[in-house]
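User: Could you teach me how to read some features of a protein model? I am new to this and would like to take one topic at a time.

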Amino acid sequence: MKRSIAQAFLLWLILAPASSFLSAPPVSEQAPPPAPPPADNPFFKPYSTPFNVPPFHLIKNEHFLPAIEEGIKREDAEIEAIVHNPAPPTFENTIAALDHAGIFLDEVTSVFFSLQSAHTNKELQALARKTAPMLAAHRDNITLNEKLFARVKAVYDRKEKLNLGRDELFLLENTYRDFVRAGALLQEKEKARLRELNQELSLLTVKFGENVLAETNAFKLLIEDQSHLAGLPASVVAMAAEAAKQAGLEGKWLFTIQVPSLIPFLQYSERRELREKLFRAYIMKGDNGNEYDNKEIIKKIIAQRQERAKLLGYETHAHYVLEKNMAKNPDTVNAFLRKLWQPTLAKAKSEAAALQALIDREGGGFKLAPWDWWYYTEKLRQEKYALDDAALRPYFRLENVRHGIFTLCDKLYGLKFIEQPSLPRYHPEVQVYEVQEADGRHLGLLFMDFHPRESKRGGAWSGAFRRSYYEQGERIPPIATIVCNFTRPTADTPSLLSADEVTTFFHEFGHALATLFSQSRFRSRSVARDSVELPSQIMEHWAFEPDLLAEYAKHYKTGEVIPAALVDKIEKSKLFNQGFITGEYLAASILDMAWHTLLETGAIDVNAFEKKVMTEIGLIPEIIPRYRSTYFNHIFSGGYAAGYYAYIWSEVLDCDAYEAFKEKGIFDKATATSFRKNVLEPFGTEDIETQYRRFRGADPKIEPLLRNRGLEITN
């Protein structure tokens, strides 16, 4: 299937690897404002902006609906032109023409979905509910168009005789396959039911995300007694004071279940009852029996996905999804996860015992609970390695980390980043950079949006306002985006990142590089979900390399380069707490697979099912899965259903790929050029196994991943 709606919608829905909390208030249904005349709508005319950036200063909420409706009309006309072309079907007049259809709609929806995630409001949320079924129906109208499919099939059936290039053949095969997977071979009655399911699912997934958004934004922990701040570093206290001030509660301290507020509180607060209160608020999102409860929505989503999979000829939704992935089937995924689970569980149990021993040594008199894990882990880290997250943050000023990433990109690829402060942007905090090749040629633009706000969902992600393709032999350059929820600056302190936030920044930048480097002639991309994290996760390996730290990790007050002794502590502690980190992730991956291989979806008790799955794998009570079902946006409101395992599957690739850099030198330009040319530039336009072998000269090995995670697997 062609790219326009499917991938644009995915950009809106996909979540960041580190978390997927949402953070804007819910809304009641309300009618969008009246549509202005087309002459006043910036989507209906050339942008006339530098680099053809969307004119955010002119775009209003009321512009979206008429532009989306117009985009649907235009693409419908483009499809009709393909269908009624009197010439026999060819690659150019059918497959390439289909790939090229829908550009106007893409321009509109890429802005709409990006704002819905990064800077939403009540009107945009209402529009999302209105347009989701419209866009789902439009997509079905394309993929279930019998005459269009007949032309696609006619070209596909002759593929061996067409002398197609590598990217052309890949596009043809995936276009045909996606039509079939979207129901092109079904009978009319089955197609009608498929349309109903797609409509209903489009609304359910939007509603699920809105509910998480509402629950995340609703909870506030307001502290009025200064003694209740015991243990919290000054920077965390200042951040909470600033949050309270912004909320009109000056003189108090406000904590939320947004990650930059939640995690430091759990790490340092000596008030166990407050840690529990905050933690429980976080893990109960969507599970409070109120209007934002997601349990009934989950039941409907699972049942309808399973019905759709059966309709399309698959045993389960997981079988349907995984057919396009490297893993190919649920058995392979489950075997992979089980292989990692047992050594991870053993490590997690050992860590829990060490934390309990620390509690007992201090005379705590209680059993370790999930809300204690971060607090006692931080204590144990300081005890074992004399390493304190609060001591690291002064060396990770946001601007310095950004400089470090720019420096790395220069060393590897010769890239230059030129800030463009005068370009339109959707929020004053957004930073925009032109990205140039070493010789000054324009490669693309990069929008970066770093801090939490109530109009932005939680987590971190990378997308695009425009992806590259070729128009009449000329490359249309991309506009990539990075959106995060990093620690905010305060009145006295700049934004100082945690080590996890540093890693996240490098991660999302890797995704952005894949967007910027893409050299496909076509607009369509078909990336196996379980390889999509390769470009992002390989970037993480450089974050704490001593040679790169020397370039960017400088104390925000003194300018002192991070001391070698501190770097050594980072290196020695890198496997610390890996049982927990890997365990909570694998538990969520196993939960995802359990939901999407469920054969009987009738009378499900969501919480009982989740508990059963976790009990079966032996997850210890001190750890919960990284995402409980009721706020698991990746799989119920995003693009990772039966695919959350992809992060660690991709990690096999990225750990093995980084070995190539370690063998030749971590800044080796020849290795970087090979990675760019063989993996990043053609990413999504060729089978990933073929790309990887061309870069590495062999299939990836699992051993580097095991070393990176500190796991030992015995056969």
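User: How do helix 17 and helix 26 pack, at what angle and how far apart are their axes?

Analyst: This is a predicted model. For two helices that pack together, look at the angle and at the distance between the axes. Here helix 17 and helix 26 pack at an angle of about 90°, and their axes are 7 Å apart. Angles of 65 to 115 degrees count as roughly perpendicular, so helix 17 is roughly perpendicular to helix 26.

User: Which residues of helix 17 and helix 26 meet?

Analyst: From helix 17 come D410, K411, L412 and Y413. From helix 26 come K669, A672, F675, R676 and L680. Sorted by type, the residues of this contact are five nonpolar, no polar and four charged.

User: Which residues of helix 26 are buried?

Analyst: Start with a general idea about helices. An α-helix has 3.6 residues a turn, so residues three or four places apart point the same way. Now the case here: helix 26 covers residues 669-680, and its buried residues are T671, A672, F675, R676, N678, V679 and L680.

User: What do the buried residues of helix 26 pack against?

Analyst: Their partners include helix 17 (398-413), helix 25 (646-664) and helix 27 (688-696). Strand 5 (442-449), helix 18 (499-517) and helix 19 (534-540) are also on the list.

User: Let us turn to aromatic rings. How many aromatic pairs does the structure hold?

Analyst: There are 53 aromatic pairs in the structure. One of them is formed by F406 and F417, with 4.1 Å centre to centre and 5° between the planes. Planes under 30 degrees apart count as stacked, so this pair is stacked. It links distant parts of the chain, with F406 in helix 17 and F417 in strand 3 (residues 416-419), 11 residues apart.

User: Is F406 buried or exposed, and is F417 buried or exposed?

Analyst: Compare the relative accessibility with the cut-off: under 20% is buried. F406 counts as buried because its relative accessibility is 13%. F417, at 14%, counts as buried too.

User: What does an edge-to-face pair look like in numbers, taking F632 and Y644?

Analyst: For that pair, the centres are 5.1 Å apart and there is 90° between the planes. This pair also links distant parts of the chain: F632 is in the loop between helix 23 (606-617) and helix 24 (633-636), while Y644 is in the loop between helix 24 and helix 25, 12 residues apart. F632 has 0% relative accessibility, so it counts as buried. Y644 is buried as well, with a relative accessible area of 0%.

User: Which residues form one aromatic cluster?

Analyst: F406 and F417 come back here, joined in one aromatic cluster by Y433, F450, F486, F505 and F509. Rings can also have a charged side chain over the face. R181 lies over the face of Y320, at 4.0 Å from the ring centre. K411 does so with F667, at 5.1 Å from the ring centre.

User: Next, backbone angles. What is phi near for F51, and about what value does phi have for N577?

Analyst: The general idea is that most residues other than glycine have a negative phi. F51 has a phi near 60°, a positive value in a residue other than glycine. N577 is not a glycine either, and its phi is positive, about 70°. F51 is in the loop between helix 1 (4-13) and helix 2 (64-83), and N577 is in the loop between helix 21 (564-572) and helix 22 (578-596). At 33% relative accessibility F51 counts as partly exposed, whereas N577 counts as buried at 11%.

User: To finish, what does T582 touch?

Analyst: Leaving aside residues up to four places away in sequence, T582 touches T344, I648 and R709. T582 is found in helix 22 and counts as buried, at 0% relative accessibility. You can try the reading on E501 too: E501 lies in helix 18 and is buried, with a relative accessible area of 9%. With the same neighbours in sequence left out, namely residues up to four places away, E501 touches P260, R393, N485, F486, T487 and L496.

Note on methods: Residues are numbered from 1 along each chain as its sequence is written. This is a predicted model: local features need pLDDT of at least 70, side-chain atom pairs count only at pLDDT 80 or more; totals for chains, interfaces and linings use all residues. Side-chain values use heavy atoms; hydrogens and water are left out. Buried means under 20% relative accessible area, exposed over 50%, partly exposed in between (1.4 Å probe, protein chains only). Helices (H or I, at least four residues) and strands (E, at least two) are DSSP runs, numbered from the N terminus. Contact means heavy atoms within 4.5 Å. Rings of Phe, Tyr and Trp (its six-membered ring) pair if their centres lie within 6.5 Å; planes under 30 degrees apart count as stacked, over 60 as edge-to-face and the rest as tilted. A charge sits over a ring if NZ of Lys or CZ of Arg is within 6 Å of the ring centre and within 35 degrees of the ring normal. Axes are lines fitted to C-alpha atoms, for helices over the stretch in contact, and angles run from 0 to 180 degrees between N-to-C directions. Angles under 35 degrees count as roughly parallel, over 145 as roughly antiparallel, 65 to 115 as roughly perpendicular and the rest as oblique. Ala, Val, Leu, Ile, Met, Phe, Trp, Tyr, Cys and Pro count as nonpolar, Asp, Glu, Lys and Arg as charged, and the others, Gly among them, as polar.
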